[in-house]
Amino acid sequence: MKIIMLGAPGAGKGTQAKQIAEQYNIPHISTGDIFRANIKNGTELGKKAKEYMDQGLLVPDELVVDLVVDRIEKDDCQKGFILDGFPRTIPQAEALDAALAAKDMKIDYALDIEVPDENIIDRMSGRRSCRECGAIFHAKYNPPKSEGICDICSGELILRDDDKEETVKKRLDVYHEQTAPLISHYKSAGSLHEIDGTRHIDVVFDEIKSILEA
Ligand code: AP5
Ligand code: MG
């Protein structure tokens with residue numbers, strides 16, 4: 001089961017991808033999480049990525065593609081994986097298609113979580129992410145049991161650096177310009193599924209399960 005998640009910033013890609021990974025026992029590969037871990041550890045990649053992320057811009061393709069292609073060649077990805085935040089540009093999608101085609105494989109499901117821009121700012125300002133394990137909460141829509149503390153690992157919950165309103169607006173512009181064209185790319189490939197992401201988290205997940213189990 002090879003899955004990619006499409007959708008605007010804050011559409012719920014990470015929230016759903018974590019549940020899908022658990023339900024179907026496949027690795028969840030989030031390029032945003034990989035970059036944030038590199039920033040936290042002060043690596044060269046982290047330093048380069050941060051310059052772009054803080055401005056709401058995409059990290060250049062050449063810093064992302066090899067990283068993902070190498071990751072999906074690992075043993076734990078052989079029976080499937082879920083990519084969250086990759087691909088994000090047509091060249092990234094083409095590189096992914098080519099890497100899979102070389103092994104006679106392809107993306108089985110492109111799940112596009114649709115949420116209008118006007119709902120996104122509200123979602124981002126309330127998002128809290130665990131500094132330690134990356135679990136995602138929302139002050140209003142998915143609150144942790146104790147404020148500021150992760151339910152899973154008791155880590156500290158923080159607001160992401162790129163969730164300031166001006167940066168979110170920039171990320172939305174970048175999404176419409178560079179990432180939304182992937183919807184027609186995967187529609188032509190026959191793997192696109194469009195999902196209304198404005199509903200409750202559990203309702204969205206039920207629909208995803210019905211698609212993956214059809
Ligand atoms: P990344 O980390 O991928 O950020 P993003 O795409 O902007 O998406 P988010 O993680 O912000 O949102 P999400 O869709 O995962 O929503 P979530 O589940 O958290 O990328 C960050 C940056 O890294 C990029 O800007 C770029 O610079 C760089 N980057 C990463 N990948 C790259 C690539 N391939 N190429 C180039 N650059 C790259 O949910 C949001 C909130 O809403 C949460 O609080 C959640 O609890 C809540 N929520 C979720 N679902 C619902 C629901 N159904 N109802 C109500 N609330 C909900
Ligand atoms: Mg995410």
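The following exercises, each with a worked solution, concern the strands, helices and salt bridges of a predicted model.

**Exercise 1. The five-stranded sheet**

Determine the strand order of the open sheet of five strands, its edge strands, and the pairing of β2 with β3.

Solution.
Step 1. The five strands are arranged in the order β2-β3-β1-β4-β8, and their pairing is parallel.
Step 2. At the edges stand β2 (28–30) and β8 (192–196), each of which pairs on one side only.
Step 3. On average, neighbouring strands of this sheet are turned by 20 degrees against each other, with direction ignored.
Step 4. The edge strand β2 is joined to β3 (residues 81–84) by three bridges in the parallel sense. Within this pairing, Ser30 has Asp84 of β3 as its bridge partner.

**Exercise 2. The three-stranded sheet**

Establish how β5, β6 and β7 are paired, and which helix packs on the sheet they form.

Solution.
Step 1. Strands β5 (residues 127–130) and β6 (residues 136–138) run antiparallel and are connected by three bridges. The bridge partner of Ser129 in β6 is Ile136.
Step 2. The two strands β5 and β6 make a hairpin with five residues between them, and Gly134 in the turn has a positive phi of about 80 degrees.
Step 3. Two bridges link β5 to β7 (residues 157–158), again in the antiparallel sense. In β7, Leu157 is the bridge partner of Cys130, while Ile158 stands opposite Ser129.
Step 4. The outcome is an open sheet of three strands in the order β6-β5-β7, with antiparallel pairing. Because β6 and β7 each have a single partner strand, they stand at the edges, and one side of each is left without a neighbour in the sheet.
Step 5. Helix α6 packs on this sheet and touches β5 and β6; the direction of α6 makes about 45 degrees with that of β5.

**Exercise 3. The packing of α6 and α7**

Classify the orientation of α6 and α7, and describe the residues of their contact.

Solution.
Step 1. The axes of α6 (residues 117–126) and α7 (residues 165–179) lie 10 Å apart, at an angle of about 140 degrees.
Step 2. An angle counts as roughly antiparallel if it is over 145 degrees; α6 and α7 are therefore oblique to each other.
Step 3. The crossing of α6 with α7 is right-handed.
Step 4. From α6, the contact involves Asp117, Ile120, Ile121 and Met124; from α7, it involves Glu165, Val168, Lys169, Arg171, Leu172 and His176. By class, five of the residues in this contact are nonpolar, one is polar and four are charged.

**Exercise 4. The packing of α2 and α3**

Describe the geometry of α2 and α3 and the composition of their contact.

Solution.
Step 1. Helix α2 (residues 31–40) packs against α3 at an angle of about 115 degrees, and the axes are 8 Å apart.
Step 2. The crossing of these two helices is left-handed.
Step 3. In α2, the residues Gly32, Phe35, Arg36, Asn38 and Ile39 meet Leu45, Gly46, Ala49, Lys50 and Met53 of α3.
Step 4. The contact of α2 with α3 comprises five nonpolar, three polar and two charged residues.

**Exercise 5. A salt bridge within a helix**

Locate the salt bridge between Glu44 and Lys47 and state how many salt bridges are counted in the model.

Solution.
Step 1. A salt bridge requires a side-chain nitrogen of Lys or Arg within 4 Å of a carboxyl oxygen of Asp or Glu. The side chains of Glu44 and Lys47 form a salt bridge at 3.6 Å, N to O.
Step 2. Both Glu44 and Lys47 belong to α3 (residues 44–53), where they are three residues apart, about one turn of the helix.
Step 3. By this rule, the count comes to 18 salt bridges.

Key
Residues numbered from 1 in each chain as written. Chains lettered and ligands numbered in written order. Predicted model: local features only at pLDDT ≥ 70, side-chain atom pairs only at ≥ 80, totals over all residues. Heavy atoms only, no water. Pairing = 2+ DSSP bridges. Helix = DSSP H or I, 4+ residues; strand = E, 2+ residues; numbered from the N terminus. Axes fitted to C-alpha atoms, helices over the stretch in contact; angles between N-to-C directions. Parallel < 35°, antiparallel > 145°, perpendicular 65-115°, else oblique. Left-handed = near helix turned anticlockwise from the far one by under 90°. Contact = heavy atoms within 4.5 Å. Nonpolar A, V, L, I, M, F, W, Y, C, P; charged D, E, K, R; others polar.
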